[in-house]
Amino acid sequence: GYIDKDGKPVIQPEYDAAGPFSEGLAVIRMDGQWGYIDKQGNIVIDPQFVSAGSFSDGLAAIRIGELLSGKNGYVDKQGKIVIEPKFDGAYPFSDGLADVQVGTKYRFIDKQGKFAFPTEFDFADSFSQDLAAVRVGDETTGKYGYIDKQGKMVIEPKFDYADRFSEGLAAVRVGDEATGKYGYIAR
């Protein structure tokens, strides 16, 4: 269920799982399926997906079929599938683009579901402040850098980990997870 800022219940607990509100809707799970409610607790998109994410840029990533073998796409706030489920992974839209997984590679799509540029990566994170962290190479030896919204590498891959930009800075790590050191880079 949900409470207001004063701790007063406003939507009674009745869901198997519930996520935060985003763009006026919250993702909820009932009987193993995910759907969406509004701030009054009304179901606005029937629980029908095997997984679902929060709304971002007016769209939400959903998964149909089986949890492990299904495909991901995107719905609008009326529950209409606007980008067909054809991806192995789908992540939130940010700055008009979303990272999706095709097999073992990551690419970026626009709101029409078209690839924004031809480059693919071994890992990609969502855009933040017009840049996205990407990894070139495998999890062990690959390096992270940053691309712009045209897919151009603007900060060369030289980090062992890179986070999203926030307030003009991004946390990066040099070295392995156990002994490496973190610092911040500016845009």
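A residue counts as buried when its relative accessible area is under 20%, as exposed when it is over 50%, and as partly exposed in between. Keep that cut-off in mind on this tour. The model on screen is predicted.

**Stop 1: the whole chain**

Show the chain as a cartoon. It has 20 strands and zero helices. The C-alpha trace spans about 50 × 40 × 25 Å along its principal axes. Now colour by burial. Of the 187 residues, 42% are buried. Switch on the surface: the accessible area is about 10200 Å², and carbon and sulfur atoms account for 49% of it.

**Stop 2: an open sheet**

Select residues 17-22, the strand β3. Add β4 (residues 25-30), β5 (residues 33-37) and β6 (residues 43-49). In the order β3-β4-β5-β6, these four strands form an open sheet with antiparallel pairing. Which strands are at the edges? They are β3 and β6, each pairing on one side only. From one strand to the next, the twist averages 20°.

Zoom in on β4 and β5. Five bridges join these antiparallel strands. Pick Ala26 and look across to its bridge partner in β5, Ile37. Then follow the chain through the turn. Two residues separate the strands of this hairpin, and Asp31 in the turn has a positive phi of about 50°.

Move on to β5 and β6. Here three bridges link the antiparallel pair. Click Tyr36; its bridge partner in β6 is Ile45. This hairpin has five residues between its strands, and Gly41 has a positive phi near 90°.

Why is β5 largely enclosed by the rest of the structure? Four of its five residues are buried, so the strand is largely covered.

**Stop 3: the largest nonpolar core**

Select Leu131, Ala133, Tyr144, Tyr146, Ile155, Phe159, Ala162, Phe165, Ala170, Val172 and Ile185, and show their side chains. These 11 residues make up the largest nonpolar core. Strands β16 (143-147), β17 (153-159), β18 (161-166) and β19 (169-174) each supply at least two of its residues. In soluble globular proteins, nonpolar side chains tend to be buried together.

Centre on Ile155. Leaving aside residues up to four places away in sequence, Ile155 touches Leu131, Gly145, Tyr146, Phe165, Ile185 and Ala186.

Stay here for β16 and β17. They pair in the antiparallel sense over three bridges. Tyr144 has Phe159 as its bridge partner in β17. Both residues belong to the core. In the five residues between the strands, find Gly151, with a positive phi near 85°.

**Stop 4: salt bridges**

The whole structure contains six salt bridges. Visit three of them.

Start with Glu23 and Lys77. Their closest N and O atoms are 3.5 Å apart. Glu23 sits in the loop between β3 and β4, and Lys77 in the loop between β9 and β10, so the pair ties together parts 54 residues apart in sequence.

Next, select Asp122 and Lys105. The closest N and O atoms are 2.5 Å apart. Asp122 is in the loop between β13 and β14, while Lys105 is in strand β13, so this salt bridge ties parts 17 residues apart in sequence.

Finish with Asp125 and Arg164, whose closest N and O atoms are 3.0 Å apart. Asp125 lies in the loop between β14 and β15 and Arg164 in strand β18, so the pair ties together parts 39 residues apart in sequence. Is Asp125 buried or exposed? Its relative accessible area is 14%, so Asp125 is buried, under the 20% cut-off. Arg164, at 41%, is partly exposed.

How values were computed:
Residues are numbered from 1 along each chain as its sequence is written. This is a predicted model: local features need pLDDT of at least 70, side-chain atom pairs count only at pLDDT 80 or more; totals for chains, interfaces and linings use all residues. Side-chain values use heavy atoms; hydrogens and water are left out. A nonpolar core is a set of buried Ala, Val, Leu, Ile, Met, Phe, Trp, Tyr and Cys residues joined through side-chain atoms within 4.5 Å. Buried means under 20% relative accessible area, exposed over 50%, partly exposed in between (1.4 Å probe, protein chains only). Contact means heavy atoms within 4.5 Å. Two strands pair if DSSP finds at least two bridges between them. Axes are lines fitted to C-alpha atoms, for helices over the stretch in contact, and angles run from 0 to 180 degrees between N-to-C directions. Accessible areas come from the Shrake-Rupley method with a 1.4 Å probe; for residues, only the protein chains shown count as cover. A salt bridge is a side-chain nitrogen of Lys or Arg within 4 Å of a carboxyl oxygen of Asp or Glu.
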